[in-house]
Protein chains: 2
Amino acid sequence: MALKGNLIYGQSGGPTGVINSSAYGVISEAFKHPEAIQKVYASLYGIDGILSDNLREIEKEADKTNLELLKQTPGAAFGSTRHKLPLYKDDPTEYQKVLEIFQKYNIRYFLYNGGNDSMDTLTKLSAFFKNSNYECYLVGVPKTIDNDLVDTDHCPGYGSAAKYIANSFAGIVKDASSYLKGRINVVEIMGRDTGWLTAAASLAGLSDCAPDLIYVPEIPFSVNDFLADSKAVLAKKGHAFVAVSEGIRDNQGAFVADNGTVDAFGHPQLGGAASYLCSLLTQEGIKNRAIELSLAQRSASYILSKADQEEAVRAGQEAVLAALRGIDGEMLCFLRDKLDFYSLLYKTFPLKEIGGQIKYLPRTMMNGKGNNVSSEFITYALPLIQGEVSPSYNNGVLAFADFLHN
Amino acid sequence: MALKGNLIYGQSGGPTGVINSSAYGVISEAFKHPEAIQKVYASLYGIDGILSDNLREIEKEADKTNLELLKQTPGAAFGSTRHKLPLYKDDPTEYQKVLEIFQKYNIRYFLYNGGNDSMDTLTKLSAFFKNSNYECYLVGVPKTIDNDLVDTDHCPGYGSAAKYIANSFAGIVKDASSYLKGRINVVEIMGRDTGWLTAAASLAGLSDCAPDLIYVPEIPFSVNDFLADSKAVLAKKGHAFVAVSEGIRDNQGAFVADNGTVDAFGHPQLGGAASYLCSLLTQEGIKNRAIELSLAQRSASYILSKADQEEAVRAGQEAVLAALRGIDGEMLCFLRDKLDFYSLLYKTFPLKEIGGQIKYLPRTMMNGKGNNVSSEFITYALPLIQGEVSPSYNNGVLAFADFLHN
């Protein structure tokens, strides 16, 4: 018999195309268990909403329209944060504030939807609650377009970003190939530490629009190899199409496109890898074009992967069920059956194994030269972009949920 | 009784999301008139294909699959060019080559699908054929995401670009609004001379994601006003969302973001208006983000306007019918009924009125301060983005036609 109390849901870190699908999963599942979960709250702007007593109760009937629109709403519908909890030993104030709010609202289930840093926050809070003898079940719901969480086959959000990247890359190739003689097109794709997203450009090959070259952060980037390889493709085909991670690094580990600023977690803020590489081509008098796919990679809810959306909903549902079973301090993970047929098992793993870790693109998913993917990557990624969704439009523009202002 | 002979279709200038829908319209209509049109050719890579005898016969049965995919294929499926015919008096060689090819293939109908510069090419050829006493009917099919052709209410391609821009802008606003405190987001939109595309960002207002500020090339851009206005929005709302045309100019008419290079037609090549404005914000220590929507504006065939796609097909069909009626040296135009109910009339106008002209965004479609649209623009643009299409995907990636390699 699960503990009776209230549930709180929060979002943290960069949004994905399907983070709100997981929200839908959590909330709709929570409503199904009135014997354990009496009220469902959202913390607005992630952990900040808890620290500032800025909660919003979600009601099945009153919020019906908003809830139905969640699955097609980009951004973090309940607001996000990049706030990092200090170590308890350095400053216990925020931990005590969280406890106070949880006690005030009788929160017994905390579902936190985020990436690496968010799982780190959850790990700390879970340990703190245990030490404080406050009974509460904390379960992480993964989300990150970066696909870099360990212990899970892939992360909700990645499939939709991959689908957007593949189709956008294909569109760019078709557009640029309209002319007989072209240029070197360098398409910059998100991915500070890992090449999962950039590798997804390879899926454009399904419509004969595969990148000629793919460069990821895991493999040291050589400017000379890039220049030689891209120029060779241009000479041979009249066009060259290059997919490059924002986080490509030289053989010293230094970012090729480091602009010198850092975010709240101390991560370098990147940008301009494509611009930088194109400036080198311009110096050599070679026609080029730099394209940054930018925010649309995680906010293009007009082209989501149906598989990703469904898995994101399920991740939210399964996380609630896990919490109700008494799981605490774990994250919901996807395990892939190793059979021919793609199917997933849903299982939780301890957060302490996950928070702060990074899952890199395995070397075997890239080719020998390290400048394109191997077939292993295609086999891995293909099931994740399957299926299309048909979102509802209002006069030609997507209709969105808004829990922050309504 | 229409002249018996063959038809040639060509594409020119920058592609749009629906240029191949017009190709579909031209070709499918041509097949319906075997009494006049015996064979249907495409000139590969626009006028270049005629000059180099690089034609491809299109066959109803053999090309069936390719033809069915045309409507969802970005780029110019038959290849495009930016080649500019010299004035006849300066160099008649190319004109004579065109005549030679037309005679060789008995071309009596020439449907050319392009923008300003392409219509200029058609005007010159029409006059040349008349002077040469070669009977041939040349009709222009408009296409340009820029929407800057005169005599037509709007251009095929604009509606889909506008829909992409509105929905992408909405996604960016939702994504960035995930955080309580944000930055000034400057979104750069295509439009060298006119603000039609940038103004379309206003349609994001349908999902409560309207730009706070919109800057177009037609209204002299003041850096000081931009800084003051965007900072005021940021201070008030915690976020600011700015849509800016690549072609914004100062009060001397100089491009704010001129990088000093020109294309084959002598047009300055722009880029970096958003980056430039953001660099000014950075200098003042204000958080910002520059986003360029880039090529996806014309190649995102995963989010086309159904209205635009249907009108593009119809434009191709009507252009063929006009040619068969003996129209020559004219372009197919859209006339909008001035009634409450949106409907279009299809009519041709003389090319010599159109080629080389630019239709600017009327001042009345912008507000008094010139930093956002007026309701007149919304009324104008809203019908053009209506309706969604459901393209067919192959394993999660759009399936495309390929007439250039197959």
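Which residues lie nearest the centre of the largest cavity? Keep that question in mind while you open the model, which is a predicted one, and begin by selecting A:Tyr164, A:Leu293 and A:Ala296 together with B:Tyr164 and B:Leu293, because these are the residues that answer it, out of a lining of 18 residues.

**The largest cavity**

Rolling a probe the size of a water molecule over the atoms shows where empty space is left. In this structure there are three cavities of 30 Å³ or more, and the largest of them holds about 120 Å³ of space. Next, select helix H6 (158-176), strand S11 (288-292) and helix H10 (296-299) in chain A, and then helix H6 (158-176) and strand S11 (288-292) in chain B, since each of these elements supplies at least two residues of the lining of the largest cavity. If you then show H6(B) by itself, you are looking at the element that gives the largest share of that lining, namely three residues. Colouring the lining by residue type should give you 12 nonpolar, four polar and two charged residues.

**The two chains together**

Now show both chains in full and superpose chain B on chain A, which takes a rotation of 180° with 0.0 Å of shift along its axis and leaves an RMSD of 0.0 Å. That is the relation of a two-fold axis, and the same surface serves both copies, with 100% of the contact residues of chain B recurring in chain A.

Select the contact residues next, and you will have 54 residues from chain B and 54 residues from chain A. The size of an interface is often given as the accessible area lost when the parts come together. Between chain B and chain A the buried area is about 4200 Å², and carbon and sulfur atoms give 57% of it. On the side of chain B, pick out B:Lys174, B:Tyr179 and B:Tyr302, which lose the most area to chain A and together account for 16% of what that side buries.

**Charged pairs**

Side chains of opposite charge can pair when their charged atoms come close. Two salt bridges are counted between chain B and chain A, and to see a pair of this kind you can select B:Arg298 and A:Asp175, which form a salt bridge whose closest N and O atoms are 2.8 Å apart.

For the last stop, select A:Lys84 and A:Asp120, which form a salt bridge with their closest N and O atoms 3.9 Å apart. A:Lys84 lies in the loop between helix H3 (64-69) and helix H4 (93-104) of chain A, while A:Asp120 lies in helix H5 (residues 116-131) of chain A, so the pair ties together parts that are 36 residues apart in sequence.

Notes. Residues numbered from 1 in each chain as written. Chains lettered and ligands numbered in written order. Predicted model: local features only at pLDDT ≥ 70, side-chain atom pairs only at ≥ 80, totals over all residues. Heavy atoms only, no water. 1 Å grid on protein atoms, 1.4 Å probe; cavity = no way out; pocket = protein on both sides within 12 Å on 5 of 7 lines; lining within 4 Å. Points joined across faces, edges and corners; volume = space filled by probe spheres on them. Helix = DSSP H or I, 4+ residues; strand = E, 2+ residues; numbered from the N terminus. Nonpolar A, V, L, I, M, F, W, Y, C, P; charged D, E, K, R; others polar. Least-squares fit on C-alpha atoms with pLDDT ≥ 70 in both. Contact = heavy atoms within 4.5 Å. Buried area = accessible area lost by both parts, 1.4 Å probe. Salt bridge = Lys/Arg side-chain N within 4 Å of Asp/Glu carboxyl O.
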